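User: I'd like a close look at one strand in the middle of things. Could you walk me through a single part and what sits around it?

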Amino acid sequence: MRQIKRYLRSRSRIIGSLGQPLLFLLALGYGFGSVFQKAGEGNYLNFLAPGIIGMSIIFTAIFSGIEIIWDRQFGFLKEMMVAPMSRISIMIGRTLGGATVATAQGLIVLLISLLFGFHPYNWVLIIPAIPIMFVVALLFTALGTMIASLLDDMQGFQLIMNFLVMPLFFLSGALFPLQGLPKALSIIAQLDPLSYGIDALRDLLIGLSYYGLGRDILILCTVTLVFLFLGSYFFKKIQI
Amino acid sequence: MIKVKNLTKKFHDFVAVDNISFSVNDGEIFAFLGPNGAGKSTTIKMLTTLLSPTGGAITLNDHDPVREPDIVRRSFGIVFQDPSLDDELTAWENMELHGVLYDVPDKLRKERAEQLLKFVDLWERKNSLVKEFSGGMKRRLEIARGLLHHPKIIFLDEPTLGLDPQTRNHMWAYLKELNKNEGTTIFFTTHYMEEAERIAQRIAIIDHGKIIASGTSADLKSQTKTNSLEEAFLALTGKTIREETANSTDRMRMGRQRWRR
């Protein structure tokens with residue numbers, strides 16, 4: 001299973017996908033900055049940065065989960081499926097690999113946001129933020145794997161993008177504070193696992209939390225386990 | 001080496017493989033022939049643990065692919081009908097990855113990978129990405145990869161499709177040698193009858209999910225009173241081009257999709 005992780009990493013991966021988070025960070029960060037400040041909430045760029053880190057993680061993570069569809073299309077999945085390894089370790093290996101890549105992506109975005117004026121309130125707390133990023137990455141890679149195991153063509157892919165990834169991102173409080181939201185939106189945000197991930201990151205990086213760090217971690221880990229379980233269940237059922 | 005008894009596979013109400021039984025001996029070269037959509041690939045998928053049978057029993061190298069998939073997977077190599085390489089990796093990396101997946105010890109893996117890549121004439125290109133390869137090169141690489149872990153049995157699903165006669169001959173010469181020296185059992189499907197006639201020691205013909213004839217190529221010819229395997233094949237399976245071929249595969253695909261959800 002490690003081997004697969006290694007393979008996933010060694011794969012020539014283009015990190016050109018950094019463009020979008022950067023655009024969000026700069027355009028929104030500077031664009032909404034003044035409004036945010038007037039509303040008395042402080043520096044928007046600081047508030048936004050953890051959200052954008054979360055965004056780049058969820059995008060990369062779900063995409064690497066979904067790579068299974070590509071592998072199916074190009075036939076490589078068959079090679080994996082006849083290999084003498086349990087389906088679970090293949091799935092876990094892929095997920096760990098994907099999550100590692102997504103975490104790296106998150107770290108790069110973190111570094112970039114530091115360049116553009118993001119100030120964490122305590123530098124040491126960046127270190128515990130990394131495992132949180134990894135758990136978030138794991139969660140969404142497992143989700144991606146699960147979805148990809150159920151789909152068998154690319155057509156479903158756009159659908160996932162529009163109806164899953166985008167809402168997960170926009171409703172997670174990545175872009176706005178969760179305080180004082182309309183009731184319906186607040187309930188939806190509570191159902192979105194990414195909310196807790198970003199909340200936890202925000203707690204560690206800028207000392208601002210809505211749900212509380214303990215609850216964030218608890219929910220993140222539970223949901224991750226559930227998705228890993230479901231992901232391996234559906235992966236096991238893939239027949240070619 | 002392979003024993004199959006009353007094997008059946010249904011996709012919903014469509015019977016792809018209908019109660020077939022056959023066996024392949026240790027060290028034998030066995031050809032599995034049939035028109036498109038006859039059930040060849042489905043049978044191979046069941047033998048190689050990719051599909052689970054609806055009914056019947058399989059033993060492969062004395063183990064059951066359903067109950068002991070990992071032991072069975074270790075004992076065979078397979079070359080699929082369509083490519084199954086990782087395009088983003090180099091030829092060498094594809095070999096390496098395969099070796100790691102099959103737990104081949106480091107030193108042996110490198111030696112064997114080198115030997116096989118040289119054999120299929122890809123040694124000079126070992127550091128090129130697979131996506132730059134032509135169809136024939138990919139096929140050769142796949143054959144090399146399937147042999148990397150010294151399988152006791154190798155499945156080849158239309159391995160020579162799209163290869164030029166030079167490569168085809170070269171490949172069969174190597175496989176025959178492998179069969180002679182290491183006793184590797186070879187199970188293959190093909191649409192080239194002369195290939196089956198020349199290479200296989202025993203042949204089974206499947207049509208509409210049933211085995212309609214089996215034996216040596218001489219048996220099949222005398223059974224049908226024909227002069228070549230091609231004629232025997234046509235005598236057994238009929239001359240009509242299969243209109244229902246597309247249908248049955250489509251149905252199979254549809255059934256599979258419905259079943260999967």
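Analyst: Here is a walk around strand 7 of chain B, starting with the strand and moving outwards.

A quick word on ground rules: this is a predicted model, where local features need pLDDT of at least 70, side-chain atom pairs count only at pLDDT 80 or more, and totals for chains, interfaces and linings use all residues. Residues are numbered from 1 along each chain as its sequence is written, while chains are lettered from A and ligands numbered from 1 in the order in which they are written.

Strand 7 covers residues 185-189 of chain B. Helices (H or I, at least four residues) and strands (E, at least two) are DSSP runs, numbered from the N terminus. Five of the five residues in strand 7 of chain B are buried, so the strand is largely enclosed by the rest of the structure. Buried here means 20 or more other C-beta atoms within 10 Å of a residue's own, against 12 or fewer for exposed and anything in between for partly exposed, with C-beta atoms placed from the backbone. In a regular strand the side chains alternate between the two faces of the sheet. Here B:T185, B:F187 and B:T189 point one way, with B:I186 and B:F188 pointing the other, and all are buried.

Now for the neighbours. Strand 7 of chain B pairs with strand 6 of chain B in the parallel sense over five bridges; two strands count as paired if DSSP finds at least two bridges between them. Across that pairing, B:F155 stands opposite B:F187. Strand 3 of chain B also runs parallel to strand 7 of chain B, joined by four bridges, and there B:I29 stands opposite B:I186.

How does the chain get from strand 6 to strand 7 of chain B? Together with helix 6 (residues 165-182) of chain B, these strands make a right-handed β-α-β unit. Right-handed means that, with the strands pointing away from the viewer, the path from the first strand over the helix to the second runs clockwise.

Zooming out, the strand belongs to an open sheet of six strands in chain B, with the order 5-6-7-3-8-9 and mixed pairing. Its edges are strand 5 (76-79) and strand 9 (210-215) of chain B, each pairing on one side only. Strand 5 of chain B pairs with strand 6 (residues 153-157) of chain B in the parallel sense over four bridges, and B:I78 stands opposite B:F155.
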